[in-house]
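Notebook open, model loaded. I want to look at the empty spaces, then a sheet, then a core.

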Amino acid sequence: MASSLIIGTRGSRLALVQAHSVARDLEAGRDGLAVEVRVLTTKGDADRDASLDTFGGEGVFVKELERALVSGEIDAAVHSLKDLPTSLPGGLAIASVPERVDARDALISRDGAGLDDLPPGARVATGSPRRRAQLQHYRPDLRFTGIRGNIDTRLMKLEEPDGPDAIVLAVAGLQRLGWTDRISEVLSSEVCMPAVGQAALAIETRKDDRSALEAARRIEDLPARRAVTAERSFLHRIGGGCHTPVGAWGRIEEGSLVLDAALAADDGGWLVRQSLRGQPEEGEDLGRRLAEAVLDQAEQARQAGQADSAAPTDPARPSRPHSPTTESQ
């Protein structure tokens, strides 16, 4: 059995904090194991100015790590699970999902105002179509602008004279960096459903590397694994990726696996929400069934939206009403 392990990671401050945390847990999980953290530059990190929409596909933060893994340059890769496509390259596997932290999103505003207290027409910066569509649905008056860069770079945008009034980030990243004091409001999942895999880490290894697999599995958290399995099954059936306004959140409650999901129009004009509960070990089936229900409901919402747009405008009503979220259990 190998006495050393090389794990690869992106070079951002958050990625390094995550990788070193995993390295410590791996060393603690097996006596005599020495873990080296190796930084690799991904396509998404190399170009921080272009919108992620222009990169032409998923995996912009993971492909270089996976190539290094396949070539044997590294023994394991540590990813933010939300960056990992639902289909992995042949020969690779998610060996472990460590304990997950808070999956929700957070609003950080200039003056500490929460979402409901932002002034009409406030500018909110986010690079996520999922966040933008859901928040646009909740508050159609808000204006949205894109944003790229690491968490500290994004936070500094609030200090610029022409910067946004607020930004939206994952609670998990702020928590891991010790910056939760910057949070103005933790957003309810009923307002902004988290991204699939958000706040969870994934340790990816080669399927035939028994030593790396064994070391990674020692720090597996079964509830987190079951939750993200359901979320990723849902996303795979939806056929969505990082550019789709879709979110899902799974968790174990009172011995059952609860999976919530939301899918929105790009402009937030409609939003559907569904929830299912099942046995913890049935995550893949639960995710598929929930996706079918959401897709059916989304098609109805699209058709209703087309009918509304074709109807004469009632001057007594606003041109863009804040329509309620469609919900079903």
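**Entry 1: cavities.** I started with enclosed space in this predicted model. With a floor of 30 Å³, I get two cavities. I went for the second largest of them, which comes out at a volume of about 60 Å³.

Who lines it? I listed Thr-9, Arg-10, Ala-15, Gln-18, Phe-61, Val-62, Leu-65, Val-78, His-79, Ser-80 and Asp-83 around the second largest cavity. Sorted by class, that lining has five nonpolar, four polar and two charged residues. Helix H1 (13-29) and strand E3 (76-80) each put at least two residues into it. E3 has the largest share of this lining, with three residues.

**Entry 2: the sheet.** E3 turned up again when I traced the strands. I find an open sheet of five strands, ordered E2-E1-E3-E10-E4, and the pairing is mixed. Which strands stand at the edges? They are E2 (34-39) and E4 (92-96); each has a single partner strand, so one side of each is left without a neighbour in the sheet. I also noted the twist, which averages 35° from one strand to the next.

Reminder to self: strands of a sheet pair through backbone hydrogen bonds, either parallel or antiparallel. I then went through the pairs.

- E1 (residues 4-9) runs parallel to E2, and I count six bridges there. Gly-8 has Arg-38 in E2 as its bridge partner.
- E3 with E10 is antiparallel, over five bridges. Here His-79 sits opposite Ala-202 of E10; His-79 is also one of the residues lining the second largest cavity.
- E4 with E10 is antiparallel too, with four bridges. Leu-92 is bridged to Arg-206 in E10.

**Entry 3: a closer look at E10.** Is this strand buried or exposed? E10 (residues 201-206) is mostly covered, with six of its six residues buried. I checked which way the side chains go: Leu-201, Ile-203 and Thr-205 point one way, while Ala-202, Glu-204 and Arg-206 point the other way. Both sets are buried, Glu-204 and Arg-206 included.

**Entry 4: the core.** General expectation first: in soluble globular proteins, nonpolar side chains tend to be buried together. The largest nonpolar core I find here has 20 residues. Which have the most contacts inside it? I wrote down Phe-234, Leu-259, Leu-263, Trp-270, Val-272 and Val-294. At least two residues of this core come from each of helix H8 (222-238), strand E11 (246-253), strand E12 (256-264) and helix H9 (283-310). H9 gives the most to the core, with six residues.

**Entry 5: a pocket.** Last, open space. I looked up the second largest pocket and got a volume of about 350 Å³. Its lining runs to 16 residues; Thr-86, Thr-229, Arg-232, Ser-233 and Glu-284 lie nearest the centre. By class I have six nonpolar, five polar and five charged residues in the pocket lining.

Which elements supply at least two residues each to this lining? E4, H8 and H9 do. H8 gives the most, with seven residues. I flagged the overlaps with my earlier entries: H8 and H9 also feed the largest nonpolar core, and E4 is an edge strand of the sheet.

Key:
Residues are numbered from 1 along each chain as its sequence is written. This is a predicted model: local features need pLDDT of at least 70, side-chain atom pairs count only at pLDDT 80 or more; totals for chains, interfaces and linings use all residues. Side-chain values use heavy atoms; hydrogens and water are left out. On a 1 Å grid over the protein atoms alone, a cavity is a set of points where a 1.4 Å probe fits but cannot get out, and a pocket is an open set with protein on both sides within 12 Å along at least five of seven lines; lining residues have an atom within 4 Å of a point. Grid points are joined across faces, edges and corners, and a volume is the space filled by probe spheres set on the points. Ala, Val, Leu, Ile, Met, Phe, Trp, Tyr, Cys and Pro count as nonpolar, Asp, Glu, Lys and Arg as charged, and the others, Gly among them, as polar. Two strands pair if DSSP finds at least two bridges between them. Axes are lines fitted to C-alpha atoms, for helices over the stretch in contact, and angles run from 0 to 180 degrees between N-to-C directions. Buried means under 20% relative accessible area, exposed over 50%, partly exposed in between (1.4 Å probe, protein chains only). A nonpolar core is a set of buried Ala, Val, Leu, Ile, Met, Phe, Trp, Tyr and Cys residues joined through side-chain atoms within 4.5 Å.
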